[in-house]
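The following report describes one strand, its pairing partners and the nonpolar packing to which it contributes.

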Amino acid sequence: MSQMPQPAQLSACPTCDEPPQAGDRYCDQCGADLAAAAASAAQTPGDRPVPPRLNGAAWSPHPEPEPDDYELAAPAPDDYELAAPAPDDYELATPAPDGYGQPADPRAAGALGAPEAAPPTETGTPAEIDTGVNASTHTSAATSTGSMAGTGTGAGPRLPGGEHRPRCAACQEGTIDQDGYCERCGHAQARERDHMESELEGIAAASDRGLRHHRNEDAFAVSAAELPDGSPVMVAVVCDGVSSATRPDDASAAAAHAAGEALRTSLPRGAHPQQAMNEAIVAAAEAVNSLALDTGAAAAHHEGQRHQNAPACTIVSAVVTSDILTIGWVGDSRAYWVPDDRTAPPARLTEDDSWAAQMVAAGLMSEAEAYADERAHAITGWLGADAYELEPHTASYKPDRPGVVVVCTDGLWNYAESAEQMARAVPSDARSRPLNTAQILVGHALDGGGHDNVTVAVVPFPAASGRAGSA
């Protein structure tokens, strides 16, 4: 997940003495809020995030790219108009070659599909869900459609006597409290957002809590529509909650829903994709800003004693038509281009708003050095009421060959950072099987360690004609 500058880390959880991993917000053993405990121990108020400085001066944000800024010279006369940016040299540990689709987390194994499970179906009924997550829980390998609704708790039978609270899936006796824990044995219950998958005709997305975090603070929205001339358009929005802020899960859900709705409304009316993208990001920012005004009891209970930075998240979105793809983003979530023809180079389509990116751009560090630094993922741009200035980035591309756009949070690209690494993780049939591809990419991150929430949308190019809808 994206990070703002972090408070001091504890050497051990104050509740169960479990040593935390670097960057963990919650204890992996008992779920205790480590950030609140660290802030209390330090007895210092949480400050707003400050952009990185050099010699006392803040770096200015990256300039807004012009519509065709990312069209680079092709490596060969018959290659597409896209060209990859400078090669990314930072290598991350790769999972075992035969590890895909076999996550170490038993909770995810059923969702991603065991080796003997029936292959997922390729049909789905578009459905609009008003939760802001705009996704459904995938409950078995044989029913991977975008129209199923999750239970939200994962608990089994209800208690006798007309009691509406679910029974604990572990001890089968206790009831589940508002935080998702059994009141008898303390076992954490599965939640609707722990693993989500959605598929429309020609576009798919998947999200997983990962193996180390207390909850999933990512969200996504995917939709299909028609332009005024009747040609298809596909939309994917992926958001990553800022873990050091208040209510990051609510922030990502609100942003994904608002941006998805804005694009699904404006594009069929004939809005230019880049203008529609810019307006969608502004709408997402306003949705996140509005959460800072929510001071009700529910918000206070939701966060407990976590110090109160305003809700915040990153965003990346793709709009794909029959001849053009448009990307918009704020923060460090990314989009990649992977052509069907693997002899042609893939490309990263976004530039991070992050400390590491600024160090590399300033020539102060190599990319490997910057991303190895513990400050690498401190973001310099985000959506939220305490963002310094909202500067949406947008860019358009015109590939001359088919492929897929991979839109993802850093929970995936941490395990496939360069365009070449991402292309190797994407299966060769990605354009015809986007849901299967999203599942494999989530599995790639889980196999690599699953240290973060992971969310990915796969959008084939050119857009395929299908039924309009959202999921």
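## Strand S15 and its surroundings

Val 407 stands opposite Ala 457 in S15, where strands are DSSP runs of type E with at least two residues, helices are runs of type H or I with at least four, and both are numbered from the N terminus. This is a predicted model, in which local features need pLDDT of at least 70 and side-chain atom pairs count only at pLDDT 80 or more, while totals for chains, interfaces and linings use all residues. Residues are numbered from 1 along each chain as its sequence is written, and side-chain values use heavy atoms, with hydrogens and water left out.

The pairings of S15 are set out below; two strands pair if DSSP finds at least two bridges between them.

| Strand pair | Sense | Bridges |
|---|---|---|
| S14 and S15 | antiparallel | six bridges |
| S5 and S15 | antiparallel | five bridges |

In the pairing with S5 (residues 203–208), Ala 204 is placed opposite Val 458 of S15. Eight of the eight residues of S15 are buried, so the strand is largely enclosed by the rest of the structure; buried means under 20% relative accessible area, with exposed over 50% and partly exposed in between, for a 1.4 Å probe and protein chains only. Val 454, Val 456, Val 458 and Pro 460 point one way from S15, whereas Thr 455, Ala 457, Val 459 and Phe 461 point the other way.

The largest nonpolar core (buried Ala, Val, Leu, Ile, Met, Phe, Trp, Tyr and Cys residues joined through side-chain atoms within 4.5 Å) has 32 residues, and Val 406, Leu 412, Met 422, Val 426, Leu 441 and Val 456 touch the most other members. Helix H10 (434–447) is among the elements that give two or more residues to this core, and H10 gives the most, with five residues.
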